[in-house]
Amino acid sequence: MGVEICVEGLTKSFGHQVIWQDVSLTLPAGEISVMLGPSGTGKSVFLKTLVGLLKPDRGSIVIAGRDITRLREHELYEVRKLFGVLFQDGALFGSMNLYDNIAFPLREHTRKTESEVRRIVLEKMDMVGLLGAEEKLPGEISGGMRKRAGLARALVLDPEIILFDEPDSGLDPVRVAYLNQLIVDLNAQIDATFLIVTHDIASARQVPDNIGLLFRRELVMFGPREKLLTSDEPVVRQFLNGRMQGPIGMAEEKDAAQVAQELAEIDRSTGGDAVRDMTPRLLPSPEITRPPRWEAIAGREAERPAERGTGHGAAAHSGREPHGGPPPKAEPEPEAEPGPETRPAPEPGTLPKTAAHPGPETETGTGAGSGRGARA
Ligand SMILES: Nc1ncnc2c1ncn2[C@@H]1O[C@H](COP(=O)(O)OP(=O)(O)OP(=O)(O)O)[C@@H](O)[C@H]1O
């Protein structure tokens, strides 16, 4: 089972620039949480702070009973063993084939024999639908495959927490749909605590148990998905509907009168309720054995059949089926996709260090809605 992360009064600045202040939230063990926010609001900084790569100015981050903001570097190293991180571009080493990229953390941080390494690498490649692509170089495959290779590498040390930094960036909507299904399937299989930073509203509406929103140097809200999807908070409504009308401006904040006028206009044109759709939850693929937590979620979803596919819910926001469809393995990815995703690989030392940390087999039963919010 994944571990809970309890953040209290967290503040981070660079020089005089406050990135965010007094952030408090709890990422419930084993649940999927999404962090949203306009560009530059410090979502990536938040992820890096959680994993101990950046030090906050104030506040605490308690993981498995330890406040990681107070740990020394060698103690942090132990805590980082709990984490797997999927970086935006997969952060693969360009000169290594996928097999060696995925084996890298095992060879670096464990004493496993090559036959054990092989078993684990192939198991994780199978989980992300990449079996058969072991010999490919990162530059020879599509952006979607690179993300999945990065995910396989994040999985090899059996993390209890997985951080995803914009997993959908640079992917077309179909690849995003497959990746979302993979994320949900993995959560049902490995039961780790997931935190996803994304700009993709459709993903944010369907995938998580909890949603948070950073804006104006604050955590505006963090709480159960249902609560944010039906929220009256203008920033939340604007962001979850991808609208220009609302407090979030192109480059700078709008004045209050303009915001009030825009919101009144939306309410006039929509009757005021168009933004509060309960998008159906994405469920694990049929072939995945659902642990009790997901059984409970599926049960709750089944209780609202009338809402499925009606109004401006999932259909309007994502254009995709909420669940089902072929598993990620069946994804027909083009193999070569030169483009912005092909970036120089980072130096080995820049990756957060992780190591084997198998968790117990027990299932979490917390269910959606146990996230403790800033103001939710
Ligand atoms: N190491 C650093 N030193 C100084 N400033 C930094 C550093 N890292 C990030 N910043 C600043 O912190 C702010 C938040 O950056 P961050 O990348 O976390 O935003 P973000 O919300 O993830 O943005 P995006 O959605 O565009 O990826 C930016 O103004 C950035 O320039």
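**Note on a predicted model: strands, helix α1 and the ligand shell**

1. Strands β1 and β4 run antiparallel and are joined by five bridges. One pair in this ladder is Cys6 with Val62, the latter in β4. The model discussed here is predicted.

2. The two strands belong to an open sheet of four, ordered β2-β1-β4-β5, with antiparallel pairing. At its edges are β2 (17–27) and β5 (66–67), each of which pairs on one side only.

3. Overall, the protein chain has 12 helices and 10 strands. It contains 376 residues, of which 45% count as buried. Among contacts between residues at least 6 apart in sequence, 74% join residues at least 24 apart.

4. Glu8 is a residue of strand β1, which covers residues 5–14. Is Glu8 buried or exposed? Neither label applies: a residue needs 20 or more C-beta neighbours within 10 Å to be buried and 12 or fewer to be exposed. Glu8 has 16 inside that distance, so it counts as partly exposed.

5. Leaving aside residues up to four places away in sequence, Glu8 touches Ser24, Gly59 and Ser60. Ser24 falls within the range of β2 (17–27), while Gly59 and Ser60 fall within that of β4 (58–63). By contrast, Asp168 is 160 residues from Glu8 along the chain, and the C-alpha atoms of these two residues are separated by 29 Å.

6. Helix α1 spans residues 43–50. This helix lies across β1, β2 and β4, and runs at about 120 degrees to β1. Just after α1 comes Gly52, with a positive phi of about 85 degrees.

7. Which residues of α1 are buried? They are Lys43, Phe46, Leu47, Thr49 and Leu50. These residues lie on the same side of α1, because they cover an arc of only 165 degrees around the axis. In general, an α-helix has 3.6 residues a turn, so residues three or four places apart point the same way.

8. What do the buried residues of α1 pack against? Their partners are β1 and β4 (58–63), together with β3 (32–36), β7 (161–165), β8 (193–197) and β9 (210–215).

9. The start of α1 also borders the ligand. Around the ligand stand Phe14, Ile19, Gly37, Ser39, Gly40, Thr41, Gly42, Lys43, Ser44 and Val45. Helix α1 gives three residues to this shell, the largest share. By class, the shell has six polar, three nonpolar and one charged residues. Lys43 is thus listed both in the ligand shell and among the buried residues of α1.

10. Strand β9, one of the elements that the buried residues of α1 pack against, is mostly covered, with six of its six residues buried. Asn210, Gly212 and Leu214 point one way from β9, whereas Ile211, Leu213 and Phe215 point the other way. The residues pointing in both directions are buried.

11. β9 has pairing partners of two kinds. With β3 the pairing is parallel, over four bridges, and Leu36 stands opposite Leu213 of β9. With strand β10 (residues 218–224), β9 runs antiparallel and is joined by six bridges. In that pairing, Gly212 has Phe222 of β10 as its bridge partner.

12. How many residues lie between β9 and β10 in their hairpin? There are two, and Arg216 in the turn has a positive phi of about 50 degrees.

Methods: Residues numbered from 1 in each chain as written. Predicted model: local features only at pLDDT ≥ 70, side-chain atom pairs only at ≥ 80, totals over all residues. Near = placed C-beta within 6 Å. Nonpolar A, V, L, I, M, F, W, Y, C, P; charged D, E, K, R; others polar. Contact = placed C-beta atoms within 7 Å. Arc of directions from axis to C-beta. Pairing = 2+ DSSP bridges. Axes fitted to C-alpha atoms, helices over the stretch in contact; angles between N-to-C directions.
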